[in-house]
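User: Please take a close look at the enclosed spaces in this structure. I would like to know what lines them.

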Amino acid sequence: MSLLMGLFSIPFLCSALLCICGGFSRKILKVLAVGCSFLPLLLLAYFHPLWVGSHVEFPWFPSLSIVFDLRVDPLSLLFVYLTALIIPLSLLAVPSADFPMPHFFYALALLLQGLLLGFFTAHDLVIFALFWEAMLIPLFFIISFWGGPQRQSAALKFILYMVAGSALMVAAVLALYFSSAAMSGSGTFNLDELSKGASQTPHAKWIGAIFLLAFAVKTPLFPFHAWLPDAYCQAPLPGTLLLSAILSKAGIYGILRIGMELFPSLLLAWGPLLLGLAIAGVFYGGLAAWKQNDFKRLIAYSSLSHVNFILAGLFVWNQTAHEGAILQALNHSITIAALFLAAGWLEERLGTASMNHIGGLAAYIPQLCWWTLFFVLSSVALPGLNNFVGEFLILFGLFADNPKTTALLGLTVILSVVYMLRWMQKVYFEEPQLQKKIEDMKGKERLLALSLAFLILWVGLYPAPALRYVQPAAQKIQGILKGENPL
Amino acid sequence: MSALSLHDLHALSPYLILVLTALCILLLEAFSSPLAHRFSASLTFLALAIALYAAYFAPASENRLLTPWLRFDALGRVFNLLFLGIGVFSTLLSAAFFQRFKKVSRGEYFFLFLSALFGLLLIGAAADFLILFLGFETLSISLYVLCGYMKKWTMSHESAMKYFFTGAIAAAFLLYGIALIYGAVGTTHLPSLNGAYHALATSSDQALFLAGIAFVTIGLAFKAAIVPFHAWAPDVYDGSPNPVTAFMAVGTKTGAFVAFSTIFLESLLQFDRFWNEGMAVLAYLTLLYGNFVALRQRQLRRFFAYSGISHAGFLMIPLVASTSDALPALLFYVVVYALATFGSFAILAPLDHREEGVLLEDLRGLFQRAPLQATILALCLLTLGGIPPTAGFLAKFAIFKVGFEAGYYGLVTVGLLTTVLSAYYYLRIVGAMLSASTETSKQVPPLPTAAFVGLVSFGAILLFSWFPAPLLALFLG
């Protein structure tokens, strides 16, 4: 059994293990689950130089020509690392009280980890589509069982949006298959093979549009975001982390993997329109965040805004912008996880996420206040912190193509400062209004915050190691376009 | 060779075992009702187990008394095993039902059930239209009674009457169609139909044949609950006892589609484009109607009627496509559908304690009350909804691939879009299970036989989700 197969199977085995461990106490369960969820990360780090190029391939369903084909390239590896990192973080964020049947939650999160590892390495279009939809199921369960008061409708809305967005994906997959069969005699779902002829497929525009729609809904690109605020706010804290830090990246990975590699000319042609939507999304998310009186919703909208910033980087055909977008996809995951954690801890202490009747909390919980401020500064792209590198690269790349649009997009950085600092000011720095005493950060929370801060500073101060993996991925995309249009 | 040899009896053994056991149970009920009450379920189960064994090892008969009427090939054996498997699951569910409703007499029930199953086996083994018709009549007449088996349920009276009348009309259509076909080509032997049709010289004969085919199609469409011949299904499913509903949802539907496929995917494969186009129209209607109406159901037996209609729509896609891959894809879907439906009914069985059956509200909080049962039901529902990574997705994928290959892009698109609706109504049930437990909801009593069905379905679905290839290979070879 190859290394990659091991990496892929571990989470499933751990998930099954936790399902049957319902009898243990909460503490043991948590240690067990977190330990299990760290296994992929340890494996990744231990065999680090071996991963790029490793693959698993066997005919899984020969009569339908589906090959179970997983393959790691630099782009995959980045997202695999992200998955291996975020899942343990979200498991650590599981509250210790008031959380029924935690073992099922751990099992679902580990299941999600396995599905995501499969998704980010899938090299067969059917397997890709299978994992693409399969990852929704654990999230649906998580939202609708452990979520807030309106969790049922939020979960249903979430999954229906997703299913509707990718409903026609199977037809698009089949269309590619049969066009490859028409061209080369035998049909295939292999992504490399398909990328050779996908653009010449009849109705390539429609097929590409079907894929893009699916990715746009999941990321979400403005205006396909209507599911987002409810799902993010109704999900339990660890679920919100999963949604914001991982799920949105699945859409971005889809655009990179399928959109750019299979339909480069299409993305080039639609670039201006998509860029326009993404920039509209950045503004919309920012303005909506400004008007929120609930800080969880505020962060949800800020996430929408930042994700659209990443998309804006993807839709400019320029290597620097792509590098920035890929790097920013990772940065955003770390920062948004940190922000939701900070917000979640605050909500846990206050019992509400409303900003109306609170203020001056810095006097009561100084540590949480300063940690939150640090994460907020990371989110607003303070130089020296991670988001600055990514957003700067995106703006830099965009500037080469279109200076005016860059000016417009640059303005949104100010917008994000406005809404984020408004939150900080209202909640932490105004006149103290609180009567009761609240507890400051606990050791476990400090540890989580510290590890996230380490990552934020690392990418912010010394981005070279991360960029070393981002660059080949972005270069590959450039190479594809050159092959398409030899100009 | 004119008389039946021992070898032939061996070939016929699965059918004989069923008939003989059925008669034994009837006699037992007549002479000693208490004994029948105690043993008929186990007797039926035992007989089915032996029949399964016999069907697997039954040799092919070459006796000319039998071969014009029954098929003994590999596919015929697969059908037999499939139907007997359905029989085993239904028996176990019936046993669970009788544990909930202790006072109801059982001997007659299992006699009728075995007769119905015998009818199903005949449908699968038919090499001639007459056997096919005989199979359908045996199945239906037993089912008319089984639908009304709970004599004190007022809903059941309506259900049985409705089923009887529509079933009689369907039988009339089927028989009349067979007569017309016989009139046109002079044979009712299925394998010779295609040659005889293409040898027809005059267009009036062809018209006669096509009219016959149209009647046969309508007759089968009634049985398969295809729109617009579906109107009986919701009321009949609604008013029948749970295991009978499960048997109808799986058995009758499978029987009808097996009949469709022996006629139209084996004997008359691509005999006339006209038929495929007509079926395509019905498939559109079935998919849209079944899925839209299922959105609003609260009573679960009724819900399964509508979801069953929508699955009939999906199963029609390979029939419409009529390619060489169509039959394996159809059978794969049928098996997955059968497992998921039985699994769902097995979980519903312990909750079933009144005439109205299980309502959506009864499932509230099931995940907290009974996590294992809720997990099984959730997996079955996700499978029915065709949501990855379950085998249901692969089954739908295979069907859509067949449809796409044959060029029915519109049908595939509508099919895919309706999966969004089906995702809603299946996940709504899952959502209800995950919601907070209400105080009125009671503990779930254990029913070992139903639990067994649930676990087996659960295991099989998991297995086929990971290793789907062997199952499909079974139908290919």
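Analyst: What follows looks at the cavities, then at one helix and one residue.

The model is predicted. It holds eight cavities of 30 Å³ or more.

Start with the largest cavity. Its volume is about 160 Å³. Its lining is made up of 16 residues. Closest to the centre are A:Glu133, B:Gly386, B:Phe393, B:Leu416 and B:Thr419. Two helices of chain B, α16 (391–405) and α17 (409–434), each give at least two residues to this lining. The largest share, four residues, is from α16(B). Sorted by class, the lining has ten nonpolar, four polar and two charged residues.

Now the second largest cavity. It encloses about 140 Å³ of space. Its lining has 14 residues. Nearest its centre lie B:Ala58, B:Arg71, B:Phe72, B:Arg77 and B:Asn80. The elements supplying two or more lining residues are α1 (6–31) and α3 (74–100) of chain B. Here the classes are nine nonpolar, two polar and three charged residues.

Next, a helix in chain A. Helix α4 of chain A runs over residues 102–121, 20 residues in total. From first C-alpha to last it reaches 29 Å, close to the 28 Å expected at 1.5 Å a residue. Of its 20 residues, 19 are buried, so α4(A) is largely enclosed by the rest of the structure.

Last, a single residue. B:Thr252 sits in helix α10 (residues 242–267) of chain B. Its relative accessibility is 2%, so B:Thr252 counts as buried. Leaving aside residues up to four places away in sequence, B:Thr252 touches B:Leu139, B:Leu143, B:Tyr163, B:Lys223 and B:Phe247.

Notes: Residues numbered from 1 in each chain as written. Chains lettered and ligands numbered in written order. Predicted model: local features only at pLDDT ≥ 70, side-chain atom pairs only at ≥ 80, totals over all residues. Heavy atoms only, no water. Buried < 20%, exposed > 50% of the residue type's maximum accessible area, 1.4 Å probe, protein only. Contact = heavy atoms within 4.5 Å. Expected span 1.5 Å × (residues − 1). 1 Å grid on protein atoms, 1.4 Å probe; cavity = no way out; pocket = protein on both sides within 12 Å on 5 of 7 lines; lining within 4 Å. Points joined across faces, edges and corners; volume = space filled by probe spheres on them. Nonpolar A, V, L, I, M, F, W, Y, C, P; charged D, E, K, R; others polar.
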